[in-house]
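Let us walk through this structure with attention to how its helices and strands are arranged against one another.

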Amino acid sequence: DEAFLRQGWRAMLEKEDFIHGIYEAEDKDEFIKHVTGQAIDIILLDIRLRKTSGLELLQQLSELEHPPKVIAVTGLDGVELIINLLKSGVNGIVYKLDGYGEIIKAINTVRHSGMYFPQNILRIIQSNAKRWDSTPPIVLSFQEKELLKAIANGGTTKEIAVDLKMTSSTAETYRIRLMKKVGVSNTAALLAYAFRNGIL
């Protein structure tokens, strides 16, 4: 959804001999129009988007008869996010800060071998193999996201309860349930989880 980034990548990708067509999508509607309107080989999919998430778009891609290969592009390094991307079936993962050379390497490797996971991603897979099935989902309800935003804004339990139109005890119960859901032990860790995984 970042026009500057898309335009920069497009300008560089158009110079590559093996690339014969580039489509851009700044929102979910354009994305759906492109993937259902023509045959696409590879998608560079930003994970943190304004009105949707890369994980949601991956779910929609999985419903296509012949889904394109997907290279997830992210600036986030949360282990839970990476594991959930892998479990969603992405063919590669690239960090934005790794630069254009890494993107081209990923595209070419996915074209020829079907997947590209650099060493840091392989280490995440290896070190989390035992907890793979217990990794909490990134997707939160609207109310859980609103609660996280209120906590991030520094509100007290009482202020949060007023903002979300609930009692203080209900707000506190929701906060405790949310911490259990994402597997953290305190509010600071909850916020770190949210920022690390692009929820806030």
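Is the crossing of helix 2 and helix 3 right-handed or left-handed? In this predicted model, the crossing of these two helices is right-handed. Helix 2, which covers residues 28-37, packs against helix 3, residues 54-61, at an angle of about 25°, and their axes lie 12 Å apart. Because angles under 35 degrees count as roughly parallel, helix 2 is described as roughly parallel to helix 3. On the helix 2 side the residues that meet helix 3 are Lys28, Phe31, Ile32 and Val35, and their counterparts in helix 3 are Glu56, Leu57, Gln60 and Leu61. Sorted by class, this contact of helix 2 with helix 3 comprises 5 nonpolar, 1 polar and 2 charged residues.

The sheet is the next element to follow. It is an open sheet of 3 strands in the order 1-2-3, with parallel pairing. Strand 1 (42-46) and strand 3 (92-95) stand at the edges, and each has a single partner strand, so that one side of each is left without a neighbour in the sheet. From one strand to the next, the twist averages 25°. Strand 1 is joined by 5 bridges to strand 2, residues 69-74, and the two run parallel; within this pair, Ile42 stands opposite Lys69 in strand 2. Strand 2 in turn pairs with strand 3 in the parallel sense over 4 bridges, and here Ala72 stands opposite Ile93 in strand 3.

In a regular strand the side chains alternate between the two faces of the sheet. In strand 3, Gly92 and Val94 point one way whereas Ile93 and Tyr95 point the other way, and all are buried.

Helices also lie against this sheet. Helix 5, residues 100-113, lies across strand 1, strand 2 and strand 3, and runs at about 140° to strand 1.

A further helix pair occurs later in the chain, formed by helix 9 (residues 168-182) and helix 10 (residues 187-196). The axes of helix 9 and helix 10 come within 10 Å and cross at roughly 55°, and the two helices are therefore oblique to each other. The crossing of helix 9 and helix 10 is left-handed. Arg175, Leu178, Met179 and Val182 in helix 9 meet Thr187, Leu190 and Tyr193 in helix 10, a contact that by class has 5 nonpolar, 1 polar and 1 charged residues.

Methods. Residues are numbered from 1 along each chain as its sequence is written. This is a predicted model: local features need pLDDT of at least 70, side-chain atom pairs count only at pLDDT 80 or more; totals for chains, interfaces and linings use all residues. Side-chain values use heavy atoms; hydrogens and water are left out. Axes are lines fitted to C-alpha atoms, for helices over the stretch in contact, and angles run from 0 to 180 degrees between N-to-C directions. Angles under 35 degrees count as roughly parallel, over 145 as roughly antiparallel, 65 to 115 as roughly perpendicular and the rest as oblique. A crossing is left-handed if the near helix is turned anticlockwise from the far one by less than a right angle, and right-handed if clockwise. Contact means heavy atoms within 4.5 Å. Ala, Val, Leu, Ile, Met, Phe, Trp, Tyr, Cys and Pro count as nonpolar, Asp, Glu, Lys and Arg as charged, and the others, Gly among them, as polar. Two strands pair if DSSP finds at least two bridges between them. Buried means under 20% relative accessible area, exposed over 50%, partly exposed in between (1.4 Å probe, protein chains only).
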